[in-house]
Amino acid sequence: MPIRLAIFGAGRIGQVHARNAAAHPSVEVAYLVDPVASPGRDTLATEIGARVVDADAAFADDRIDGVVVASSTDTHADLVARAADAGKAVFCEKPISLDFAKTEALAERVRNAGIPCMLGFQRRYDASFRAVRDRIASGAAGRLEHLMMQSRDPAPPPASYVRTSGGMFRDTAIHDMDMARFLLDEEIASVYAVGSCLISKEIGAAGDIDTLMIVLKTRSGRLAQVTNCRRGPMGYDQRLEALCSEEVLWVENRPQTTMRTARPEGAWAAAPMNYFIERFAQAYRDEMNAFAEMVETGSRPLADLTDGLEAQRLVEAAIESHRTGLPIEFAPDWRPQ
Ligand SMILES: NC(=O)c1ccc[n+]([C@@H]2O[C@H](COP(=O)([O-])OP(=O)(O)OC[C@H]3O[C@@H](n4cnc5c(N)ncnc54)[C@H](O)[C@@H]3O)[C@@H](O)[C@H]2O)c1
């Protein structure tokens, strides 16, 4: 018997997850749910052999084993809660909700319901980022002491996306907060963040920033530094440097091609892969395969709902630091005021 899934959201990332799920040999995507009718939604449904239905029909079907929540951020919490009540496994895109208290309450509800719930932190499934984690965890690199991460989009998103995204900290920096937790694997003791709106007047008018830096310090004094920007003059920029006691580890951008040219005036190399769908294509496939495996066998994913909650806790502290201009003393039970 195949695993039967319902996919919520037929937008940018919903299409990626729907196609990856449909390509899995043990998965049948039975339903596609998106209340906004569009040719893209209907073409996708036809392509993956799914029926377009409303949320009630998807949750009422006992033969649905799991749901993929890839809809707009402000809909995640309600859909995950409904999945918990219906006893269905969940894959939820980040962030879980825009309200930390709601995220905490939802995590409790999901725990009580006992459903398996995976979070869409695909960088954990990327071969390069994962190799860094494995190298550090093996002890071969020595102690990770200083972590630097750069995540920069090629260009700002439309203001309409910004308004429902929860802002740059919750939308973008949450990936870096998760990666910091994944690699440091230690309690965070302080969070300091600064941000500016340097690029897009529309983003500023929507009350958001487009450029930010975050500094984390662990209990034992190890440091992580994150820079995020809504514009990357060289394209999508996803790099990392992990300074360890025995060696330095890097994740570099992946070029669109590996061809390089050189002449007396200088050298030229291809630009990085353009944006997340291309750069993380294999990671998205691997995380959807992990979701199918979780539904089928109960295996643990690399990122679960608790990881989503804890990355959001760090993000909320960063927002408070940005708002007050002060470093935030952080503890495992820290909550926004
Ligand atoms: N992990 C990643 O790399 C990654 C990348 C992009 C987006 N995301 C996250 O995925 C989510 C979607 O982002 P996107 O870029 O695809 O946005 P998008 O705007 O392209 O698509 C969102 C879709 O959700 C639909 N939708 C709205 N309400 C719905 C509901 N109640 N039920 C079902 N569908 C509904 C919309 O009609 C739209 O088609 C966001 O939360 C975003 O933060 C994650």
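This is a short selection-by-selection tour of a predicted model.

**Stop 1: the two domains**

Start by colouring domain 1 (3-115) and domain 2 (124-280 + 311-329), the bounds given by the domain assignment. Their centres, taken over C-alpha atoms, are 27 Å apart. Where the two domains touch, 11 residues come from domain 1 and 8 residues from domain 2. On the domain 1 side, pick out α1 and α5, since each supplies at least two of the residues that touch domain 2. That side splits into 5 nonpolar, 3 polar and 3 charged residues.

**Stop 2: the open sheet**

Now show strands β1 to β6. Together, 6 strands make an open sheet, and reading across gives β3-β2-β1-β4-β5-β6, with parallel pairing. Which strands stand at the edges? Select β3 (51-52) and β6 (117-119): each has a single partner strand, so one side of each has no neighbour in the sheet.

Next, zoom in on β1 (residues 3-8) and β4 (residues 66-69), a parallel pair joined over 4 bridges. One spot to click here is Leu5, whose bridge partner in β4 is Gly66.

**Stop 3: Leu5 and the cores**

Stay on Leu5 and bring up what it touches. Leaving out residues up to four places away in sequence, Leu5 is in contact with Ala21, Val27, Val29, Ala30, Ile64, Asp65, Gly66, Val67 and Val68.

Leu5 also takes you into the largest nonpolar core, a set of 57 residues. Leu5, Ala6, Ile7, Val67, Val69, Val80 and Val90 have the most contacts inside that core. Which helix gives the largest share of this core? Select α11 (residues 281-297), which contributes 7 residues. Colour by domain again and you'll find at least three core residues from each of domain 1 (3-115) and domain 2 (124-280 + 311-329).

Another core lies apart from this one, with 37 residues. To find that second core, try selecting Phe182, Leu212, Leu249 and Ala318, which are among its members.

**Stop 4: around the ligand**

Switch on the ligand and its surroundings. The shell holds 22 residues, and Gly9, Gly11, Val36, Ser71 and Glu93 are the closest. Helix α1 (residues 12-23) gives the most to this shell, with 3 residues. Colour the shell by residue type and you get 8 nonpolar, 9 polar and 5 charged.

**Stop 5: backbone oddities**

Finish with three places where the backbone is worth a look. Most peptide bonds are trans, and most residues other than glycine have a negative phi.

First, go to the bond from Lys94 to Pro95: this peptide bond is cis, with omega near -20°. Pro95 sits in the loop that links β5 (89-92) and α5 (100-113).

Then jump to Asp185, a non-glycine residue with a positive phi of about 50°. You'll find Asp185 in the loop between α8 (167-184) and β8 (188-196). Is Asp185 buried or exposed? Asp185 counts as exposed, because there are 12 C-beta neighbours inside 10 Å.

Last, select Tyr275, which is not a glycine either and has a positive phi of about 80°. Tyr275 is in the loop between β14 (266-269) and α10 (276-279). How many other C-beta atoms lie within 10 Å of Tyr275? There are 16, so Tyr275 comes out as partly exposed.

Note on methods: Residues are numbered from 1 along each chain as its sequence is written. This is a predicted model: local features need pLDDT of at least 70, side-chain atom pairs count only at pLDDT 80 or more; totals for chains, interfaces and linings use all residues. A residue is buried if 20 or more other C-beta atoms lie within 10 Å of its own, exposed if 12 or fewer, and partly exposed in between; C-beta atoms are placed from the backbone. Two strands pair if DSSP finds at least two bridges between them. A residue is near a molecule or strand if its C-beta atom, placed from the backbone, lies within 6 Å of it. Ala, Val, Leu, Ile, Met, Phe, Trp, Tyr, Cys and Pro count as nonpolar, Asp, Glu, Lys and Arg as charged, and the others, Gly among them, as polar. Domain bounds come from an automatic or database domain assignment. Two residues are in contact if their C-beta atoms, placed from the backbone, lie within 7 Å. A nonpolar core is a set of buried Ala, Val, Leu, Ile, Met, Phe, Trp, Tyr and Cys residues joined through C-beta atoms within 7 Å.
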